[in-house]
Amino acid sequence: MITRPRDFLTQWTAVTPVIAVVLLVLTWGRDLPGAVVAVLTVVLAASVLAAVHHAEVVGEPFGSLVLAVAVTVIEVALIVTLMADGGDKSASLARDTVFAAVMITCNGVVGLSLLVASLRHGTAVFNPEGTGAALATVATLATLSLVLPTFTTSAPGPEFSPVQLTFAALSSLVLYGLFIATLTVRHRDYFLPITRQGEVITVEDHAHAPSARTALTSLTLLALALVGVVGLAKGVSPTIEEGVAAAGLHHAVVGVIIALLVLLPETIAAVRSARRDRVQTSLNLALGSAMASIGLTIPAVALASVWLSGPLVLGLSSVHMVLLALTVVVASLTVVPGRATPLQGGVHLVLFAAYLELAVNP
């Protein structure tokens, strides 16, 4: 464990976030040659690993919460910025981004974590009380914000009226606030890893609690790393768009790739936790990210819609509603027993593959 601040600051996990932010400032809004894009991609990957490291230093369940919230806050800022510049063509940007985050986390991250843990340890064990509560919150938020607009009649198209949008935004904030209170205060033990005998693991046997100074330093560097990850992902997006267009793929694939890059820190952290048989931490990361994406994005775009012109399309298509409904049903059946085999992980990964296939071939 690093004890001296000087030693800590000389580590690559401390230097990389600073480099990422500097490169972001130097390259923001510019046309970049291929060599620069390659350098940014390398720094982006290193920033992802640095973010995972600093989230683990903070500890559970706060590390998962901070990682999910920090990524989402930065992502929301990008969404609002792109909506302000995009006009009518960005009307569905918030919907597409949120739905991509839900499918990536609830199927991709959950499935990969369950598969890794069950293959390595026989079965994946977790606390169904905390995981079930998180899943119920995600399902409610997704339905209220992404499904109902397709069926409401107060506004034309899959949109909310101002009153309906206000209700959805307030509901999202209330539910997310209740979840955070449950996670960190009243029922924190529901979200801590458990042993195979069902006992809560309150203290990790391989690490000591960080000092206040170390934790604060890691929080700061985590924020810088995530700014670098999301900002550099935005910087390389024109190259990704050109590659997608050259391959003849649907433009929606660009959003999926960006979402995958943005959620890469949570994915790596979740898989690492699953390998250590800490599946509850993996599920906290996955469902917490989905919840933060909805709970923070919808209020943000609702507020931004006051001064932004153009429509705000939130309602999902029929195909995506079927995928969302199937995801909720399958996830519920996965959570109830409190343990999973490779089969459950495979089912979630197949659902994720179906989402990707439909993004390529809608």
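**Helix packing and aromatic pairs in a predicted model**

Among contacts in the chain (heavy atoms within 4.5 Å) between residues at least 6 apart in sequence, 81% join residues at least 24 apart. The structure is a predicted model, in which local features need pLDDT of at least 70 and side-chain atom pairs count only at pLDDT 80 or more, while totals for chains, interfaces and linings use all residues. Residues are numbered from 1 along each chain as its sequence is written, and side-chain values use heavy atoms, with hydrogens and water left out.

It helps to begin with confidence. The predictor's confidence in each residue is given as pLDDT, from 0 to 100; its mean over the chain is 81, and 84% of the residues reach 70 or more. Helix 1 (residues 5-9) has the lowest confidence, with a mean of 48, and helix 12 the highest, at 96. Where pLDDT is low, the predicted coordinates should not be read in detail.

The chain has 13 helices and two strands; these are DSSP runs numbered from the N terminus, with helices (H or I) of at least four residues and strands (E) of at least two. Of its 362 residues, 49% count as buried, a word used here for under 20% relative accessible area, with exposed meaning over 50% and partly exposed in between (1.4 Å probe, protein chains only).

Much of the interior can be described through nonpolar cores, which are sets of buried Ala, Val, Leu, Ile, Met, Phe, Trp, Tyr and Cys residues joined through side-chain atoms within 4.5 Å. The largest of these has 61 residues, and Phe-99 and Tyr-355 are those with the most contacts inside it. At least two residues of this core come from each of helix 5 (93-121), helix 6 (128-147), helix 7 (162-186), helix 9 (252-262), helix 10, helix 11 (279-304), helix 12 (318-335) and helix 13 (342-360). Helix 5 gives the most, with 13 residues. Another core lies apart from it, with 15 residues, including Ala-20, Leu-40, Ala-233 and Val-244.

Helix 5 deserves a closer look. For its 29 residues, the expected span (1.5 Å times one less than the number of residues) is 42 Å, and its end C-alpha atoms are 40 Å apart, which agrees. Helix 5 nevertheless bends by about 30° at Ile-104, where the bend is the angle between axes fitted to the seven residues ending there and the seven starting there. Because 21 of the 29 residues are buried, helix 5 is largely enclosed by the rest of the structure. Just after helix 5, Gly-122 takes a positive phi of about 95°.

A pair of aromatic rings is described by the distance of the centres and the angle of the planes. Rings of Phe, Tyr and Trp (its six-membered ring) pair if their centres lie within 6.5 Å; planes under 30 degrees apart count as stacked, over 60 as edge-to-face and the rest as tilted. A search of the whole structure finds two such pairs. Phe-99 and Tyr-355 form an edge-to-face pair, 5.7 Å centre to centre with 75° between the planes. This pair links distant parts of the chain, with Phe-99 in helix 5 and Tyr-355 in helix 13, 256 residues apart. Phe-99 is buried, with a relative accessible area of 2%, and Tyr-355 is buried too, at 5%. In the other pair, the ring centres of Phe-179 and Phe-191 are 5.6 Å apart and the planes stand at 85°, so this pair is edge-to-face. Phe-179 lies in helix 7 and Phe-191 in the loop between helix 7 and helix 8 (212-246), 12 residues apart. Both Phe-179 and Phe-191 are buried. Beyond its ring partner Phe-99, Tyr-355 touches Ala-100, Met-103, Val-256 and Leu-323, when residues up to four places away in sequence are not counted.

Helix 10 (residues 264-275) has 12 residues and reaches 17 Å from its first C-alpha to its last, close to the 16 Å expected. Its buried residues include Pro-265, Glu-266, Thr-267 and Ser-273. For Ser-273 the relative accessible area is 4%, and the residue is in contact with Arg-278, Val-279, Thr-281 and Ser-282, leaving aside neighbours within four places in sequence. Helix 10 is followed by Asp-277, whose phi is positive, near 65°.

In helix 12, Val-330 is buried, with a relative accessible area of 14%. Val-330 touches Val-347, His-348 and Leu-351, not counting residues up to four places away in sequence. Val-330 and Val-347 are 17 residues apart in sequence and 8.0 Å apart in space, C-alpha to C-alpha.
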